[in-house]
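I opened the notebook to follow one strand and its neighbours, and then to look up the charged pairs. The entries below are kept in the order of looking.

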Amino acid sequence: MFLNDMGLLMFLAVTASILGHCQTDEKVSFYGASYIHLPVQEAKGATDISFRFRTHLSDAMLLLAAGKTDYCLIKLEAGRLKVHINLGAGESEMASARGLTLNDLSWHEVNLTRREANITLQIDVIHTTRSLLPGRFFELNIHYGVFIGGRGDFNELFLGHTDYLRGCMADIIYNGARVIEYARSRRGQSDATAVTWGCSPEFDATWNTEVSFVEDGAFTAIPRAIPRSGSRFHSTLKQDFILSFRRYLKYKFVNESLFVKHL
């Protein structure tokens, strides 16, 4: 009886360990100039990409697997998810359904599966698009690696203009490689630039959340002119800035006075 109980306990412990390993929740935050680079060189007839993301940007790069001529680019365009893929026979494009808004700061799950010419894009489990790629060669030849959130120093004409991501991504898996885990541990010469681990609370900020300017070049930009109806917002922003600046001067004066006193 005792041995049976011990066997059951060991089975439960191993099962819990396996489940805990499989059910990861790796998140990373991007701030408009951030990116992750995973050096990959491969030529495969199958591609498996999955990740989750949340952002308010209507246009942003999410993932790029780049070769000399081949590539797979996943990005947001006007709030729709689009896949641009080229296996050497010219670019093909897939897109999420019209009216499906993905830049609403909610988490969205993306799964891209390719088996030679057959490619399937699934969003949030229920929205599925399928396509058949042209050509006779169906290997995706990657030389420059995988880029997440932005393309860093990589610059090729086929990309055109791609905006960097501002938002969060989670559980990024490229052909079995856990990208965030690789980037955090710097495994395989992977690189993470200007990111933070976890999903930053600032992406859940409300209109009355305080703002901190933490660098000399920090600024706030309003993308379009405020109409007359927005004059109250402009006034509130100005008053909040003045109050924050006064608090800063008071803090600076008090602390410098204490410093002089201690001298």
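Entry one, strand pairing. Working on a predicted model, I looked up the partners of strand β2 and found that β2 pairs with strand β16 (residues 191-193) in the antiparallel sense over 3 bridges, with H37 standing opposite D191 of β16. I then turned to strand β13 (residues 145-148), which also runs antiparallel to β2 and is joined to β2 by 3 bridges; there I noted I148 as the bridge partner of I36.

Entry two, the faces of β2. I recalled that side chains in a regular strand alternate between the two faces of the sheet. In β2 (residues 35-38) I found both faces covered, since Y35 and H37 on one side are buried, as are I36 and L38 on the other.

Entry three, salt bridges. I counted 10 salt bridges, among them the one between the side chains of R52 and D171, at 3.2 Å from N to O. This pair links distant parts of the chain, with R52 in strand β4 (residues 46-55) and D171 in strand β14 (residues 166-174), 119 residues apart. I asked whether D171 is buried or exposed, and I recorded D171 as buried because its relative accessibility is 16%, under the 20% limit.

Entry four, two further pairs. D204 and R54 meet through their side chains in a salt bridge of 2.9 Å, N to O; D204 lies in the loop between β17 (196-197) and α3 (231-262), R54 in strand β4, 150 residues apart. R54 counts as buried, at 7% relative accessibility. I also looked up E77, which forms a salt bridge with K82 at 3.5 Å between the closest N and O atoms, and salt bridges with shared partners join K75, E77, K82 and E93 into one network.

Conventions: Residues are numbered from 1 along each chain as its sequence is written. This is a predicted model: local features need pLDDT of at least 70, side-chain atom pairs count only at pLDDT 80 or more; totals for chains, interfaces and linings use all residues. Side-chain values use heavy atoms; hydrogens and water are left out. Buried means under 20% relative accessible area, exposed over 50%, partly exposed in between (1.4 Å probe, protein chains only). Helices (H or I, at least four residues) and strands (E, at least two) are DSSP runs, numbered from the N terminus. Two strands pair if DSSP finds at least two bridges between them. A salt bridge is a side-chain nitrogen of Lys or Arg within 4 Å of a carboxyl oxygen of Asp or Glu.
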